[in-house]
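Please open the structure in your viewer and keep the selection tool at hand. This tour goes from one selection to the next and says what is there at each stop.

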Amino acid sequence: MLPMSFPSRDTCLPRCAALARPHLEGFAHALHHAGYAARTTQSYLRAAAHLGLWLEQAALPWARCDEAIVAQFQQHLPTCRCPGRSGPTRRTAVFGVRCFLHYLRHAGVVPCGSLSSRRPSAMAAIRPRPW
C-alpha cells in the first residue's frame, strides 16, 4: 500500500521518524478500506509521518499523543522547518493527524482520551463514506 500511495521518491516517508513508520501501513490500509481518495490518503500519510518526526524531535512518546499534543503540533506548523515540509496544507495536516490519532487509538497504540476531550469529527474520520 505505501509504495502505491507514495510513487514519488521525493516524499517525507524515507525521512519519516522511526516512531511513525510501523503504523503507516495499517493507517494506509484503513484509509483505503474506508474509501478515501488516493490524494487524501497521501496527504494524511504525510501528516502522520510529520507528526512522528515532530514527536521524535520533541522526545514525546506515542502514549502522550492526545488532542493537546495535536494542538501543539498545529502551532508548530506555521514555522515548521522539518524535512519534507512541503506536504499537505496546515488544515489538511491537522485533519490527517486527527484521523491518525483516531486510528492509533483504535489500534491500541495510544490510550483513548476522556469523553470530554474527544472531537466528533475525529471519531468519524475513518468511517466508510455513503457515496
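Which residues in helix 4 are buried? Bear in mind throughout that this is a predicted model. If you select helix 4, residues 67–76, you will find that Glu67, Ile69, Val70, Phe73 and His76 are buried. Because they cover an arc of only 165 degrees around the axis, they lie on the same side of helix 4. A general rule helps in reading such a pattern: an α-helix has 3.6 residues a turn, so residues three or four places apart point the same way.

Now add the partners, for the buried residues of helix 4 pack against helix 3 and against helix 5, which spans 90–106.

Keep helix 4 selected and show helix 3, residues 38–57, whose axis comes within 11 Å of the axis of helix 4 and crosses it at roughly 95 degrees. Helix 3 and helix 4 are therefore roughly perpendicular to each other. To see the contact itself, select Ala47, His50, Leu51, Trp54 and Leu55 of helix 3, together with Ile69, Gln72, Phe73 and His76 of helix 4. The residues of this contact between helix 3 and helix 4 comprise six nonpolar, three polar and no charged ones.

Next, select helix 2, residues 21–33, along with helix 5, and look at how they pack, with their axes 10 Å apart and an angle of about 100 degrees between them. That angle makes helix 2 roughly perpendicular to helix 5. On the helix 2 side, the residues to pick are His23, Leu24, Gly26, Phe27, Ala30 and Leu31, and they meet Gly96, Cys99, Phe100, Tyr103 and Leu104 in helix 5. Sorted by type, the residues of this contact of helix 2 with helix 5 are eight nonpolar, three polar and no charged.

Stay in helix 2 and centre the view on histidine 23. Is this histidine 23 buried or exposed? Because its relative accessibility is 17%, histidine 23 counts as buried. Leaving aside neighbours within four places in sequence, histidine 23 is in contact with Trp62, Phe100, Tyr103, Leu104 and Val109. You can also mark glycine 52, which is 29 residues away from histidine 23 along the chain, although their C-alpha atoms are separated by 9.9 Å.

Finish with two cysteines. Cysteine 99 has 1% relative accessibility and so counts as buried, whereas cysteine 112, at 52%, counts as exposed. A search of the whole structure for disulfides finds zero.

Notes. Residues are numbered from 1 along each chain as its sequence is written. This is a predicted model: local features need pLDDT of at least 70, side-chain atom pairs count only at pLDDT 80 or more; totals for chains, interfaces and linings use all residues. Side-chain values use heavy atoms; hydrogens and water are left out. Axes are lines fitted to C-alpha atoms, for helices over the stretch in contact, and angles run from 0 to 180 degrees between N-to-C directions. Helices (H or I, at least four residues) and strands (E, at least two) are DSSP runs, numbered from the N terminus. Angles under 35 degrees count as roughly parallel, over 145 as roughly antiparallel, 65 to 115 as roughly perpendicular and the rest as oblique. Contact means heavy atoms within 4.5 Å. Ala, Val, Leu, Ile, Met, Phe, Trp, Tyr, Cys and Pro count as nonpolar, Asp, Glu, Lys and Arg as charged, and the others, Gly among them, as polar. A disulfide is a pair of cysteine sulfur atoms within 2.5 Å. Buried means under 20% relative accessible area, exposed over 50%, partly exposed in between (1.4 Å probe, protein chains only). The arc is that of the directions from the helix axis to the C-beta atoms.
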